[in-house]
Amino acid sequence: MSIQNVFVAGGGVLGSQIAYQAAYTGFKVTSYDLHPEKVQKRIETLRAGYKQDLKTTDQQFDNGLANLSYISQLPEKIDADLIIEALPEVLDLKKSFLKEISQEVSTKTIIASNSSTFTPSQLKDSVTDPARFLNMHFANRIRLYNSAEIMGHPGTDPAVIEQVIAFARKMKMVPVHIKKEKAGYIGNTLLTPWFNAALDLWANDYATPQDIDREWIISQGASVGPFMLFDMVGLRTAYQITTNELQAEPDNQTYQRAAKRLKQMLDAGKLGQESGEGFYHYPNPEFEQDDFLTK
Ligand code: NAD
């Protein structure tokens, strides 16, 4: 069976990008979110990026939009070959959503989670057919950074993994198959210690986020620093992940301080790129100024 109809649950920073990229590459996509009007706005803001990065015309972008529909309530039956869950990184929320939709799908439906930190084994017992459950993990700015990490649990049917790999290729992703479960996949296994080191430097007042980014970019010849990436990922998700880490290590003072500071930023409406302010100000962030790396 090849995947044709896709249902994306959660239309936030990542869910909106996944839904649009699938629609752009020809799939019929339903986006489900409590706030569909916000999802529509997020998707419209992708237009400029597609035009700049992929030389997409307005007509081509609109053709993608025509493949999308938006809902705010779960239907009684979900007619989809693939459901991609991109809800907030909160274990109980994901589990209860998976439990609920399992009752509403047909036996052919594959369910995938885009979770960054929870493994398929942590989620699989919430679905009625774990053999058809796996994780499919996208990177932010998926039109450009187009890897899709695909990772089953020991009971995932290998044929399901193959189907999802084929789907990833059709939506112009490069599928990366993780052969056995690894929390953090490949990307975050490499990235998380780096993010945590950056939080340590910031939350414990060793240096400003801007100086931490500058040092990394100049000394490593890198194109981005950790706080530029935090803004791109979105501070809601950064906060949720830090809170999850704190739950696992309640005495860790760096996580305590980082969670407190991130919460203060969120309370002040600083969500990252999305809200116009995070560690930098948008749409003309300080790191794009000519003297950012020289002052
Ligand atoms: P987000 O906070 O930007 O978006 C979450 C969306 O879910 C919001 O639009 C919210 O309205 C919606 N929502 C919340 N509760 C809901 C419910 N009960 N029913 C329907 N919709 C609901 O989060 P995000 O950054 O897009 O992250 C989503 C998932 O993607 C997480 O699992 C995260 O780990 C993963 N992810 C994020 C990134 C990233 O860079 N942000 C990268 C890879 C994977």
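How many helices and strands are there in the chain?

1. The model is a predicted one. Its chain holds 11 helices and eight strands. These elements serve below as landmarks for three loop residues: Asp81, Asn140 and Lys180.

2. On overall form, the radius of gyration of the chain is 19 Å, which agrees with the value near 19 Å for a compact globule of 295 residues. Along the principal axes, the C-alpha atoms fill a box of roughly 55 × 50 × 35 Å.

3. On packing, 49% of the 295 residues count as buried. Taking contacts between residues at least 6 apart in sequence, 67% join residues at least 24 apart.

4. On surface and charge, the accessible surface of the chain comes to about 14,300 Å², and carbon and sulfur atoms account for 52% of this area. The chain has 30 positive and 36 negative charges, and the mean positions of the two sets are 3 Å apart.

5. Asp81 sits in the loop that runs between strand E3 (68–71) and strand E4 (82–85). Its relative accessible area is 4%, so Asp81 is buried, the cut-off being under 20%. The Asp81 side chain has a polar contact of 3.0 Å with the side chain of Lys108, and reaches the backbone nitrogen of Asn5 at 2.9 Å. Leaving aside residues up to four places away in sequence, Asp81 touches Met1, Ser2, Ile3, Gln4 and Asn5, as well as Lys108, Thr109 and Ile110.

6. Asn140 belongs to the loop between strand E6 (133–138) and strand E7 (147–152). With a relative accessibility of 14%, Asn140 also falls under the 20% cut-off and therefore counts as buried. Which side chain does the side chain of Asn140 join in a polar contact of 2.7 Å? The partner is Gln17. In addition, a polar atom of the Asn140 side chain lies 2.6 Å from the backbone oxygen of Met232. The residues that Asn140 touches, not counting those up to four places away in sequence, include Val13, Leu14, Tyr145 and Val233.

7. Lys180 is placed in the loop between strand E8 (174–178) and helix H7 (187–203). Is Lys180 buried or exposed? Its relative accessibility is 69%, which is over 50%, so Lys180 counts as exposed. Gln60 is 120 residues from Lys180 along the chain, and the C-alpha atoms of these two residues are separated by 38 Å.

8. To sum up the three loop residues, Asp81 is buried, Asn140 counts as buried, and Lys180 counts as exposed.

Terms used. Residues are numbered from 1 along each chain as its sequence is written. This is a predicted model: local features need pLDDT of at least 70, side-chain atom pairs count only at pLDDT 80 or more; totals for chains, interfaces and linings use all residues. Side-chain values use heavy atoms; hydrogens and water are left out. Helices (H or I, at least four residues) and strands (E, at least two) are DSSP runs, numbered from the N terminus. The radius of gyration is taken over C-alpha atoms; the globule rule is 2.2 Å times the number of residues to the power 0.38. Buried means under 20% relative accessible area, exposed over 50%, partly exposed in between (1.4 Å probe, protein chains only). Contact means heavy atoms within 4.5 Å. Accessible areas come from the Shrake-Rupley method with a 1.4 Å probe; for residues, only the protein chains shown count as cover. Lys and Arg count as positive and Asp and Glu as negative; His and the chain ends are not counted. The place of a charge is taken as NZ of Lys, CZ of Arg, CG of Asp or CD of Glu. A polar contact is a pair of N or O atoms within 3.5 Å; within protein, one must be able to donate a hydrogen and the other to accept it, and residues adjacent in sequence count only if both atoms are side-chain atoms.
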